[in-house]
Amino acid sequence: MEVTLLSLLAFAALLGWVWLAVFRGGFWLCDQRLAGDAATLDAWPEIVAVIPARDEAQTIARSIGSLIGQDYPGGLTVIVVDDESGDGTAEIAREASGRGGVDVVDGAPLEPGWAGKVWAMHQGLARAAELAPAARYVLLTDADIDHGADSLRQLVARAESGTLDLVSLMVRLRCDRFWERWLIPAFVFFFQKLYPFPWVNRGRAAAAAGGCMLVRRTALERIGGIDAIRDRVIDDCALAAEIAKGGRIWLGLAETSRSIRGYDGLAGIWNMVARTAYVQLDHSLLLLAGTVAGMAFLYLLPPAALIAGGLTGDRSALAFGAAGWALMTALYLPMLQYCGLGSWRAILLPAVACLYSAMTVSSAVRHYRGRGAAWKGRSYGAPSRDNGNGT
């Protein structure tokens, strides 16, 4: 059997997928779940929840309601920081807070050097120090999260049993519409591949999901408060990196907590990814080129080799391409099952990867056109280098 360049490349791509399957922490298994942790504690610690909200009129009431309705035996205070919304978010939050236990703060104008969400979190934490100074944990959560009724019990039980400083959940993202079904599972799959959850939970990596982060208050004090990540657009992973320097963290997939934010077709998901993709690459053209090349090598080469091998009679390229595509498909199946979607979608992961590569490139284009990490009327450039975070 003749060995061609195409067959060698296809074999290399297959080895790449074998390496990911065996040596990347089993990221694809989707087995890091927060379930069955609601053990009985002698005393349930007090919690204060901080929700930064900017133009969240459609989701804020449901998010607040899911926290007020928690089956949690300990004390819970909910603070909503209205970050200069223009859609009546604050008014709706105050109506929802009529049931008690919720404090709505009118956010101050954004100060220079701060990312908008982190600035709102900073104000919420300042208010938390006044309202709940004895709270052991702070729940940092987004305004579009519908928390499962037992979510706080499980988060606290995991934190207490493992003496953890940060427990974070990747909540279930919405997969109802056409583009959501195709693209959202891959978004979580790629995130798990970048930050294998088992590695995070064994101290080999640091990451978090900003929608739901339970933070031990002493850990926040140890890192100097939220000020330590004041200019971070990807605030969740930045916070995890700071806390992991001297403490333990845990990251997993949620069972009952979910995001209720809908995406406006392909454009909505595209904007979500393009907002931070180039930030994740540290605004580096070299990393961008490597990422696009790596995506093409892993995701496009196997099906291309299979097709080209079949057309040219290159049986080695065909075989290696088919094996690489099959292994890629198999690794994606657990994520589709977690999302409740048909397994047949896995075979089209190469096409989905193409779209994500294009989104990443567009993120860089936006940056160089001066739009930066644009979100809800704000645009951020590269973060400053003098805050000690090292990124």
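Let's start inside helix α11, where the buried residues (under 20% relative accessible area with a 1.4 Å probe, counting protein chains only) are L288, M295, L298, Y299, L301, P302, P303, A305 and G309. Helices here are DSSP runs of H or I with at least four residues, strands are E runs of at least two, and both are numbered from the N terminus. The cover over these α11 residues, judged by contact (heavy atoms within 4.5 Å), includes α1 (5-23), α6 (178-194), α10 (265-280), α12 (315-338) and α13 (349-368).

A word on what you are looking at: this is a predicted model, in which local features need pLDDT of at least 70, side-chain atom pairs count only at pLDDT 80 or more, and totals for chains, interfaces and linings use all residues. Residues are numbered from 1 along each chain as its sequence is written, and side-chain values use heavy atoms, with hydrogens and water left out.

Now follow α11 along its length, residues 285-312. At its N-terminal end, S284 acts as a cap, with a side-chain oxygen 3.3 Å from the backbone nitrogen of L286. Further on, the helix bends by about 45 degrees at L300, with the proline P302 following within four residues. That bend is the angle between axes fitted to the seven residues ending at a position and the seven starting there. After the helix comes G313, with a positive phi near 80 degrees.

Next, turn to α5, residues 151-162. Its twelve residues should span 16 Å at 1.5 Å a residue (1.5 Å times one less than the number of residues), and the end C-alpha atoms lie 17 Å apart, which agrees. Ten of the twelve residues are buried, so α5 is largely enclosed by the rest of the structure. Among those buried are R153, Q154 and R158. Here the cover includes strands: β1 (47-53), β2 (76-82), β4 (137-141), β6 (166-172), β7 (212-216) and β8 (249-259). Just past the helix, T163 has a positive phi of about 50 degrees.

Finally, step back to the whole chain, which has 13 helices and eight strands. For 391 residues, a compact globule would have a radius of gyration near 21 Å (over C-alpha atoms, 2.2 Å times the number of residues to the power 0.38), and the chain's 22 Å agrees. The C-alpha trace spans about 75 × 50 × 40 Å along its principal axes, and 55% of the residues are buried. Of the contacts between residues at least 6 apart in sequence, 81% join residues at least 24 apart.

Terms used:
Buried means under 20% relative accessible area, exposed over 50%, partly exposed in between (1.4 Å probe, protein chains only). A polar contact is a pair of N or O atoms within 3.5 Å; within protein, one must be able to donate a hydrogen and the other to accept it, and residues adjacent in sequence count only if both atoms are side-chain atoms.
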